[in-house]
Amino acid sequence: NYDAELSALMKRIQQDISEERLRMALTHRSFLYQNEVISNVDDKDHYTVTGVSDFKSAEEINQSNDRLAVLGLNAMRHFVTEYVYVRYPNLRSSHVHDMINFFMNRDGMVNIAHYLGIVDLIRSKILLYNPVKTRIISDVFGAIIGAIYLDLGPLEARSFVQDFILVQQHGRDFGDIIKIEHPMFMLTSILTKQGMQPLEARLLRESGRATHFPTYVVGAFSGDKLLSEGAGPSIKTAKIAACQEALLSYFQKEFRSAPLPSDHDDYMAEEAIKIDVTEIEENDNI
């Protein structure tokens, strides 16, 4: 029973959105064609339709998730961006982009959709094991966020993103998420801007110098302050590793108590928005 499955899905995601909106979020536009074969699908979700052009009603044609996916994915990007920007104030702009791309990864959305049992409820004429399955499933995931945004407001949509998207960071090495280039130069620049003593690398310990597999441990210092340690098969690589560790420690400092801009958003449900149609029609600028 599809209706019962929809109710069960709402309980799993803990969101009381309308069944009509949820059904729309789960409907790929290919489902709205009848009596034809979908073919020539590419990795951008473009496809051709062959056979009889037997469309459903105009009302039903507008029930695909295309618009909801655009809304939801952009809302998701907004919530992710403000979270990264506010919680990690030491990140450079390139690292902010790295973290946003990590959270917005479509493969990650697909994994969450499988975990929540969303995939089995997707209405699509394109089989979900072909090359475009990632895009179709992640668009459905985004459309569900869009449905939450419209029915329950941005704060509930943000809560959903926090519960299922932002938690992906837990247990991940920060160095796997952001890319640090020229760590010695970058660390030197940061120390200078903060008025600290210049970077100095000191050999702390070593082993196997006379073997084929030597190991050197270098400390990155600012004056007498040890910033970090790094190990490598040469003093140079150990120095780079020490600088990179110091930068990771600096960049991943998190301000958990910092309020997010969207904490203060006032929201009016779509049904509560009163529009004076006559005023719009009389306005030449619209």
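At roughly what angle do the axes of helix α4 and helix α8 cross? The legends below begin with an overview of this predicted model and then take up that question in the second view.

**View 1. The whole protein chain as a predicted model.** The secondary structure of the chain comes to twelve helices and five strands, and of its 286 residues 41% count as buried. About 16,600 Å² of the protein chain is exposed, and carbon and sulfur atoms supply 51% of that area. Among contacts between residues at least 6 apart in sequence, 62% join residues at least 24 apart. The pLDDT of the chain averages 83, and 80% of the residues score at least 70.

**View 2. The crossing of helix α4 and helix α8.** Helix α4 is made of residues 66-87 and helix α8 of residues 154-164, and their axes come within 10 Å of each other and cross at roughly 70°. An angle from 65 to 115 degrees counts as roughly perpendicular, and α4 and α8 are therefore roughly perpendicular to each other. The residues that meet are M76, F79, V80 and E82 in α4 and P154, A157, R158 and V161 in α8. Sorted by character, the residues of this contact divide into six nonpolar, no polar and two charged.

**View 3. Helix α5 and its buried residue H95.** Helix α5 covers residues 93-103, and its buried residues are H95, V96, D98, M99, I100, F102 and F103. These buried residues pack against α4, α9, α10 and α11, the last of which spans residues 235-251. H95 counts as buried because its relative accessibility is 1%, where the cut-off for buried is under 20%. Leaving aside neighbours within four places in sequence, H95 is in contact with I178, K179, I180, M186 and F251.

**View 4. R92 in the loop between α4 and α5.** R92 has a relative accessibility of 31% and so counts as partly exposed. Although R92 and F251 are 159 residues apart along the chain, their C-alpha atoms are separated by 8.2 Å. Beyond its neighbours within four places in sequence, R92 is in contact with M186, S189, I190, K193 and F251. M186 and F251 are also among the contacts of H95, which lies in helix α5.

**View 5. S138 in helix α7.** Helix α7 runs over residues 133-152, and S138 counts as buried because its relative accessibility is 0%. The C-alpha atoms of S138 and L73 are 9.0 Å apart in space, while the two residues are 65 residues apart in sequence. Not counting residues up to four places away in sequence, S138 touches L73, R106, M109 and V110.

**View 6. V217 in strand β4.** Strand β4 is formed by residues 215-222, and V217 is buried, with a relative accessible area of 11%. V217 and L204 are 13 residues apart along the chain, and 5.6 Å separates their C-alpha atoms. When residues up to four places away in sequence are set aside, V217 touches R202, L203, L204 and R205, and also E229, G230 and A231.

**View 7. Two loop residues with a positive phi, Q14 and H182.** Q14 is found in the loop between α1 (2-13) and α2 (19-25), and its phi is positive, about 55°, although Q14 is not a glycine. With a relative accessible area of 66%, Q14 is exposed. H182 has its place in the loop between α9 (174-177) and α10 (183-193), and its phi, near 55°, is again a positive value in a residue other than glycine. H182 counts as exposed because its relative accessibility is 60%, and the cut-off for exposed is over 50%.

**View 8. Two stretches where pLDDT stays under 50, residues 46-55 and residues 279-286.** For residues 46-55 the model has 34 contacts beyond four places in sequence, whereas for residues 279-286 the model has two such contacts. Where pLDDT is low, the predicted coordinates should not be read in detail.

Technical notes: Residues are numbered from 1 along each chain as its sequence is written. This is a predicted model: local features need pLDDT of at least 70, side-chain atom pairs count only at pLDDT 80 or more; totals for chains, interfaces and linings use all residues. Side-chain values use heavy atoms; hydrogens and water are left out. pLDDT is the predictor's confidence in each residue, from 0 to 100. Contact means heavy atoms within 4.5 Å. Axes are lines fitted to C-alpha atoms, for helices over the stretch in contact, and angles run from 0 to 180 degrees between N-to-C directions. Helices (H or I, at least four residues) and strands (E, at least two) are DSSP runs, numbered from the N terminus. Angles under 35 degrees count as roughly parallel, over 145 as roughly antiparallel, 65 to 115 as roughly perpendicular and the rest as oblique. Ala, Val, Leu, Ile, Met, Phe, Trp, Tyr, Cys and Pro count as nonpolar, Asp, Glu, Lys and Arg as charged, and the others, Gly among them, as polar. Buried means under 20% relative accessible area, exposed over 50%, partly exposed in between (1.4 Å probe, protein chains only). Accessible areas come from the Shrake-Rupley method with a 1.4 Å probe; for residues, only the protein chains shown count as cover.
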